[in-house]
Structures are given as structure tokens and as C-alpha cells.
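Biologist: I'm new to this structure and would like a close look at just one part of it. Pick a spot with charged side chains, please, and then show me what surrounds it.

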Amino acid sequence: MKDYSITMQDNSGRTCVVFINGDCIAEQINNGETEVNARMSVEDNAVANAIHRGEISSGAWLVATSEVTA
């Protein structure tokens, strides 16, 4: 599973890029989770961490996704 990022924006106009680790998604799939549920879980956790760190507010929405290339 490839890594990717999601860009979120909140009501104040702040944006935050959240890194999504493809290995975390693959691990959940290997443990029996569907790909859709695994992606949702990893993304939800990553966004919740960004909110907790104060990088974005809880009312943020998805603006874009982008594949991470090394």
C-alpha cells in the first residue's frame, strides 16, 4: 500500500497536510479489516492527532489527496 497525504482546511482558512502511512493500512487489512475501513481508521486517527496538536480545528474538511513519492 502506498503512502499518501490528505490536505484538510478548517473554517478559519487554516490548512493542514496529514501524512497517511500505507503500511498502517496494509497491517489492518492483513488483520482482516476491509480496505475501506482500514483507510478510514488510519485517516481518522491521523486527523484526530492533528486536531489534538492544534494544527487544525475539528470542523475541518478534506481539500485534496496526494500520493507521496520518495
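**A charged pair and its surroundings**

Modeller: Let's start with aspartate 10 and arginine 14, whose side chains meet in a salt bridge, with N and O 3.1 Å apart. Keep in mind as we go that this is a predicted model. The general idea behind such a pair is simple: side chains of opposite charge can pair when their charged atoms come close.

Now look at how the two partners sit. Aspartate 10 has a relative accessible area of 2%, so it counts as buried, the cut-off being under 20%. Arginine 14 comes out at 37% relative accessibility, which means it is partly exposed. So this salt bridge joins a buried aspartate 10 to a partly exposed arginine 14.

Where along the chain are we? Aspartate 10 is found in the loop between S1 and S2. Its side chain has another polar partner too: one of its polar atoms lies 3.2 Å from the backbone nitrogen of serine 57. If you skip residues up to four places away in sequence, aspartate 10 touches Ile56, Ser57, Ala60 and Trp61. Ser57 therefore turns up among the contacts as well as in that backbone link, and that fits with aspartate 10 being buried at 2%.

While you're in this loop, find glycine 13. The hairpin made by S1 and S2 has five residues between its strands, and glycine 13 takes a positive phi there, near 95°.

Follow the hairpin out into its strands. S1 and S2 are paired antiparallel, over six bridges. You can trace some of the partners by eye: threonine 7 stands opposite valine 17 in S2, and isoleucine 6 has valine 18 in S2 as its bridge partner.

Let's zoom out to the sheet those strands belong to. It is an open sheet of three strands, ordered S2-S1-S3 and paired antiparallel. S2 (15–20) and S3 stand at the edges with a single partner strand each, so each of them has one side left without a neighbour in the sheet. From one strand to the next, the twist averages 25°. Helix H2 (residues 35–52) packs on this sheet and touches S1 and S2, its direction making about 135° with that of S2.

What about the S3 side? S1 and S3 run antiparallel and are joined by six bridges. Tyrosine 4, for one, has glutamate 67 in S3 as its bridge partner.

Glutamate 67 brings us back to charged pairs. It forms a salt bridge with lysine 2, where the closest N and O atoms are 3.3 Å apart. This pair links distant parts of the chain: glutamate 67 is in strand S3 (residues 61–67), lysine 2 is in the segment before S1, and they are 65 residues apart. Glutamate 67 is partly exposed because its relative accessible area is 47%, while lysine 2, at 56%, counts as exposed.

How many salt bridges does the structure hold? There are four, including one between glutamate 55 and arginine 53, with the closest N and O atoms 2.9 Å apart. Here glutamate 55 is partly exposed at 32% relative accessibility, and arginine 53 is exposed at 52%. Set that beside our starting pair, in which aspartate 10 is buried.

Now for the nonpolar side of things. The largest nonpolar core has 14 residues, and Ile6, Met8, Val18, Ile20, Ile25 and Ile56 have the most contacts inside it. S1, S2 and H2 are the elements that give two or more residues to this core, and H2 gives the most, with five. You've already met Ile56, as one of the residues that aspartate 10 touches.

Isoleucine 6 is a good place to see the strands and helix together. Leaving out residues up to four places away in sequence, it touches Cys16, Val17, Val18, Ile20, Glu43, Val47, Leu62, Ala64 and Thr65.

Finally, step next door to serine 5 in strand S1 (residues 4–9). With 13% relative accessibility, serine 5 counts as buried. Its contacts, again without residues up to four places away, are Val17, Val18, Phe19, Ile20, Ala64, Thr65, Ser66 and Val68.

Methods: Residues are numbered from 1 along each chain as its sequence is written. This is a predicted model: local features need pLDDT of at least 70, side-chain atom pairs count only at pLDDT 80 or more; totals for chains, interfaces and linings use all residues. Side-chain values use heavy atoms; hydrogens and water are left out. Helices (H or I, at least four residues) and strands (E, at least two) are DSSP runs, numbered from the N terminus. Buried means under 20% relative accessible area, exposed over 50%, partly exposed in between (1.4 Å probe, protein chains only). Contact means heavy atoms within 4.5 Å. Two strands pair if DSSP finds at least two bridges between them. Axes are lines fitted to C-alpha atoms, for helices over the stretch in contact, and angles run from 0 to 180 degrees between N-to-C directions. A nonpolar core is a set of buried Ala, Val, Leu, Ile, Met, Phe, Trp, Tyr and Cys residues joined through side-chain atoms within 4.5 Å. A polar contact is a pair of N or O atoms within 3.5 Å; within protein, one must be able to donate a hydrogen and the other to accept it, and residues adjacent in sequence count only if both atoms are side-chain atoms.
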